[in-house]
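Okay, thanks for making time, everyone. I'll put the structure up and then talk through two spots: the ligand site and one of the helices.

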Amino acid sequence: MTNDEKWFEKKIDRREFLKKAGIGGAGLALGVSGASAFFTNKVKEEKNFADGDEEISFYGSHQAGITTPMQKNVYFVVLDLHSTDRAEVIQMFKNWTDYSSKLVDGELVKKDGSNALLPPSDTGETVGLNPYRLTLTFGVSISFLKKMGLEKKRPQAFREFPPFPKEQLQDKYTGGDIVIQACADDEQVAFHAVRNLVRKARNTVTMKWSQSGFAAIGDRLATPRNLFGFKDGTANVTKEKDFEQVVWCDSNDWMRDGSYMAVRRIQMFLETWDRTNLQEQENTFGRYKDSGAPFGKKHEFDEVELELLPVDSHVRLAKEVNKPIYRRSYSYSDGIDERTGQFDSGLLFLSFQKDPDSFVKVLTNLGAQDKMNEYVTHIGSGLFACFAGIKKGEYIGQKLFE
Ligand code: HEM
């Protein structure tokens with residue numbers, strides 16, 4: 001069989017899938033039952049990752065998109081809340097729950113009748129596309145709690161970040177009340193999800209800032225490289241029991257089984273980096289560029305021996321604090337910086353941890369010493385409490401409002 005024939009056969013398969021899924025016609029027949037999928041946001045194993053027909057359930061004890069293996073794309077948006085009306089805000093989260101559960105299954109957000117004089121409920125750009133492992137993750141900031149008069153419910157651990165050395169935060173990438181993180185193996189699928197969620201809540205929220213990003217996920221098990229060309233994410237834990245230690249909150253409040261998301265929009269000066277010799281690049285991290293192995297070792301996952309790494313190297317400073325965080329960052333590239341004529345690009349740094357203080361301790365230790373500071377500037381910031389997961393019949397964030 002020629003490659004073209006193979007491609008055509010795949011295409012037919014996909015059309016069969018879409019027919020079954022009822023996209024463009026009836027609703028999705030392959031829905032995931034909330035009850036049976038409660039304990040994990042289960043991936044439908046029998047479906048094909050490469051074709052994007054694998055779905056990840058919206059329901060589970062934890063929200064998907066946190067410890068879910070990274071997808072290729074993120075569309076990330078921070079929203080300002082313009083209502084203090086509890087019923088209205090609850091309704092918004094109910095609507096988002098309804099829409100999200102459909103979006104992650106590859107369905108339209110709503111099926112319309114035949115009235116052509118109304119705008120379609122779903123904006124339509126994913127018709128004919130598979131779900132591409134879409135996950136939607138929701139969180140709120142401290143300012144959200146204040147606006148809603150819910151300050152009393154603020155867990156002790158949930159505190160604003162202190163100022164960090166050398167940061168140059170810009171208003172346009174900082175603050176905001178609600179975060180929605182859409183990750184998918186297709187950019188259009190991720191964008192469509194956020195577009196439709198925001199559209200549904202137009203009377204209640206406005207967009208403060210957004211960022212699209214990408215990660216080089218070829219083989220799902222390989223660590224993606226960042227724009228400095230280094231493997232990024234090596235030290236992350238991978239096992240469920242470690243997620244309990246590092247990621248999932250166990251406090252006795254509405255954040256139990258949720259996680260705190262730290263966000264930094266970090267500009268990376270690629271032109272400066274590209275003029276730096278390989279040895280200096282490797283000294284910056286204390287890892288070898290090609291293999292990702294720590295200094296003095298051969299393989300990527302070999303144990304880091306701190307004393308073999310330069311004292312100002314990023315990995316040594318980040319590790320010696322001994323406060324593990326779970327990183328899930330995406331690179332971004334936003335055209336050209338008008339002032340310098342250089343790439344406007346960097347890292348949408350995202351980390352999840354059960355206690356934001358772990359992130360604060362790590363970044364404080366990186367502080368003014370990190371050799372990487374010569375090549376990066378933090379220009380955006382955010383801290384969001386990402387709710388626990390829900391069962392079918394519940395709505396996202398419900399425990400906060402109970
Ligand atoms: C543009 C910004 C950044 C880049 C390019 C970057 C890159 C890297 C690289 C290449 C590694 C080594 C491989 C790995 O374990 O993933 C690493 C490790 C790490 N980074 Fe970053 N990083 C950045 C920002 C940050 C920030 C803001 C934090 C947290 C405040 C952070 C925390 C860590 C931690 C905790 C490790 C693992 C250390 C260990 O236990 O071995 N990084 N980073």
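So, to start: which atom of the ligand does a polar side-chain atom of Arg327 lie 2.8 Å from? It's an oxygen. Keep in mind that this is a predicted model.

The backbone joins in at the ligand too. A polar backbone atom of Gly233 sits 2.5 Å from a ligand oxygen, and for Ala235 a backbone N or O atom is 3.0 Å from an oxygen atom of the ligand. As for who supplies the shell, these elements each give two or more residues: strands S5 (259-268), S8 (343-353) and S9 (376-386), plus helices H8 and H9, the last one being 356-366.

Zooming out a bit, there are 27 residues around the ligand, and the ones that come nearest are Gly233, Thr234, Ala235, His314 and Arg327. If you're thinking about the chemistry of that shell, the split is 17 nonpolar, five polar and five charged residues.

Okay, second spot: helix H7, residues 278-285. At its N-terminal end there's a cap from Asn277, with a side-chain oxygen 3.1 Å from the backbone nitrogen of Gln279. Further along, Gln281, Glu282, Asn283, Thr284 and Phe285 are buried. And what do the buried residues of H7 pack against? Two helices: H6, at 270-274, and H8, at 314-320. That's the H8 we just met in the ligand shell.

Then, just after H7, you hit Gly286, which has a positive phi of about 80°.

That's my tour; happy to rotate the view.

Definitions and conventions. Residues numbered from 1 in each chain as written. Predicted model: local features only at pLDDT ≥ 70, side-chain atom pairs only at ≥ 80, totals over all residues. Heavy atoms only, no water. Buried < 20%, exposed > 50% of the residue type's maximum accessible area, 1.4 Å probe, protein only. Helix = DSSP H or I, 4+ residues; strand = E, 2+ residues; numbered from the N terminus. Contact = heavy atoms within 4.5 Å. Polar contact = N/O pair within 3.5 Å; in protein donor to acceptor, adjacent residues only side chain to side chain. Near = heavy atom within 4 Å. Nonpolar A, V, L, I, M, F, W, Y, C, P; charged D, E, K, R; others polar.
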